[in-house]
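Please open the model in your viewer, with the cartoon shown and side chains hidden, so that residues can be selected one group at a time. The tour below moves through the enclosed spaces inside the protein.

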Amino acid sequence: MNETVQKFRNRFVEFWSSKSKTQKIGMVGGLVGLPLILIVSTLLFTSSNMVPLYSNLSHQEAGQLTSELDSRGVKYELTDGGTTILVPDAQSDRLLVDFAAQGIPNSGNIDYSFFSENVSWGMTDEERQIIELDALQTELASLISNIQGIESAKVLINQPKESIFVGDQQESSSASIVLNTEYGYEFSQSKIRSLYHLVSKAVPNLPTENIVIMNQNFEYFDLNTNTTGNGNTYVEHQQIKEDIERDLQRRVQRVLGTMIGQDKVVVSVTTDIDFTRENRVEELVEPVDLENMEGLPVSVDRVTETYAGIDGGQIPSDVTDIPEYLGQGDTDDLSEYEMVRETINNEFNRIRRDIVESPYEVRDIGIQVAVDNSVEENGEQVTLSAAEQQSVEEDVQSILSSMIETSISADVINNTETFNPADKVSIVFQPFSEGTNISQPVPTIPTWVYVVGGGLLLLVILLIFLVLRRRNEDDELVETEESYSSKVEELPLEEDLSDSGMRRKQLENLAKDKPEEFAKLLRTWISED
């Protein structure tokens with residue numbers, strides 16, 4: 001027994017010594033990695049794929065489902081705090097159909113199908129009103145849950161009691177709604193307005209001002225009473241102001257970041273927006289000929305009058321010859337009269353202008369820029385000199401002044417005598433700390449890395465398999481050689497033959513009696529050579 005152990009030990013030492021360092025590392029890695037790969041593969045292939053059967057369950061619904069799964073002997077897992085149930089993928093479809101046929105899970109809410117299934121003659125009016133209200137709340141919550149961005153909803157409706165007196169005015173209903181919204185989903189004012197109208201029309205005598213809607217984060221969805229959408233509310237004003245400032249900040253950051261470096265500059269923009277909306281009507285009258293300030297003649301009326309007579313009274317009745325009468329008297333009393341009157345009707349240009357001046361006029365802009373004045377030279381942080389900082393400041397000042405002049409309203413610039421864009425810019429040079437650097441996006445591992453990694457893993461497994469197979473073949477060849485050598489030694493030898501002749505005779509006998517073993521022996525010798 002000890003000789004056999006020693007024999008195998010010597011053979012292993014000889015085999016191990018004949019291998020290179022790379023081959024030794026490969027064999028050790030194969031011996032360690034192969035069992036690990038087999039264990040992981042076994043776990044992956046033997047473990048069942050668990051898929052969600054139901055999610056967003058209440059504790060009552062989860063209890064109903066787990067009890068049913070336990071009675072059926074189905075393996076399941078609970079996740080998300082008991083609100084999600086995972087079952088094997090092969091059984092999920094069948095379980096969904098079976099549970100739907102049984103009405104599981106049953107949340108305990110009453111819908112309108114309750115009346116068709118539980119109608120009884122002994123139901124009182126009060127019981128019926130309570131059931132109707134509960135059914136209305138359930139159906140309205142289910143309707144709201146189908147809206148995009150809303151995962152679930154809880155509705156509470158308060159309806160006043162009907163008055164027994166005809167003259168009493170009926171009170172209005174009220175509703176409180178809590179929405180479980182999706183993370184990051186933004187509801188526009190039009191969607192909020194539609195939600196208010198949906199609830200108001202579903203409940204009798206429920207005005208929109210008696211509805212309160214909030215989400216799970218205690219954020220209220222207020223209804224904007226300004227249905228024209230002219231931007232007259234404070235929320236819209238702030239949103240527009242933030243949009244303008246964000247757009248200017250991105251433009252400045254992009255330009256200065258290209259010049260200096262994205263992590264070397266930080267920009268902040270503040271604006272003053274005029275939200276005044278003006279509607280006015282202008283009725284103007286202008287001449288057709290602006291140079292002579294004359295209109296277009298439409299009609300002309302000319303009147304000419306002449307008169308001749310003697311001042312001081314009438315001509316005597318006995319005088320029949322006026323020239324003779326005039327000749328007898330003084331000619332200085334003779335008078336003449338002539339009048340020429342001209343009336344011209346001109347037509348002018350009459351202009352009516354209905355002017356609606358839109359708001360959102362930028363009246364003032366302030367841009368604050370912080371620049372990192374430290375640069376790396378030869379592995380050390382060096383501060384920029386005063387001349388370099390002044391050069392950078394002049395370039396930044398020139399760019400920002402041009403942007404301010406094109407962004408501010410022209411009326412503000414023209415009506416301001418001392419308008420200077422440089423006064424709207426503030427530039428500060430200081431070293432940045434690590435926290436002020438602009439965060440870079442976290443790199444994600446692309447899919448091709450996983451594909452290449454899987455290919456390399458398969459290649460390693462193949463190499464380990466080939467090394468183990470080669471080692472087994474070497475062991476078989478060694479054993480075959482030893483058996484052949486022992487068999488050759490057992491052949492009868494002739495005393496009169498020399499060593500070479502004796503070996504030749506043994507080989508001839510082996511080739512004659514056992515040609516297959518002789519061929520294997522030859523392949524062994526050839527492989528050794």
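**Two cavities, two selections**

Sorted by class, the residues lining the second largest cavity comprise five nonpolar, two polar and one charged. Keep in mind throughout that this is a predicted model, and that a search of the whole structure finds two cavities of 30 Å³ or more.

To see this lining, select Gly26, Met27, Gly30, Leu31, Ile464, Val467, Leu468 and Arg471 and show their side chains; these residues surround the second largest cavity, whose volume is about 40 Å³. Colour helix H2 (21-46) and helix H12 (447-489) next, since each of them supplies at least two residues of this lining. Within the selection, the two glycines, Gly26 and Gly30, count as polar, and Arg471 counts as charged.

Now clear the selection and turn to the largest cavity, which has a volume of about 50 Å³. Which residues line the largest cavity? Select Leu248, Val252, Val269, Ile365, Ile367, Met403, Ile404 and Ser407, and the lining will be displayed.

Colour three elements here: helix H8 (234-260), strand S12 (361-371) and helix H10 (386-407), each of which supplies at least two residues of the lining of the largest cavity. Pause on H10, which gives the most to this lining, with three residues. By class, the lining of the largest cavity holds seven nonpolar residues and one polar residue, with no charged residue among them; Ser407 is the polar one.

Key. Residues numbered from 1 in each chain as written. Predicted model: local features only at pLDDT ≥ 70, side-chain atom pairs only at ≥ 80, totals over all residues. Heavy atoms only, no water. 1 Å grid on protein atoms, 1.4 Å probe; cavity = no way out; pocket = protein on both sides within 12 Å on 5 of 7 lines; lining within 4 Å. Points joined across faces, edges and corners; volume = space filled by probe spheres on them. Helix = DSSP H or I, 4+ residues; strand = E, 2+ residues; numbered from the N terminus.
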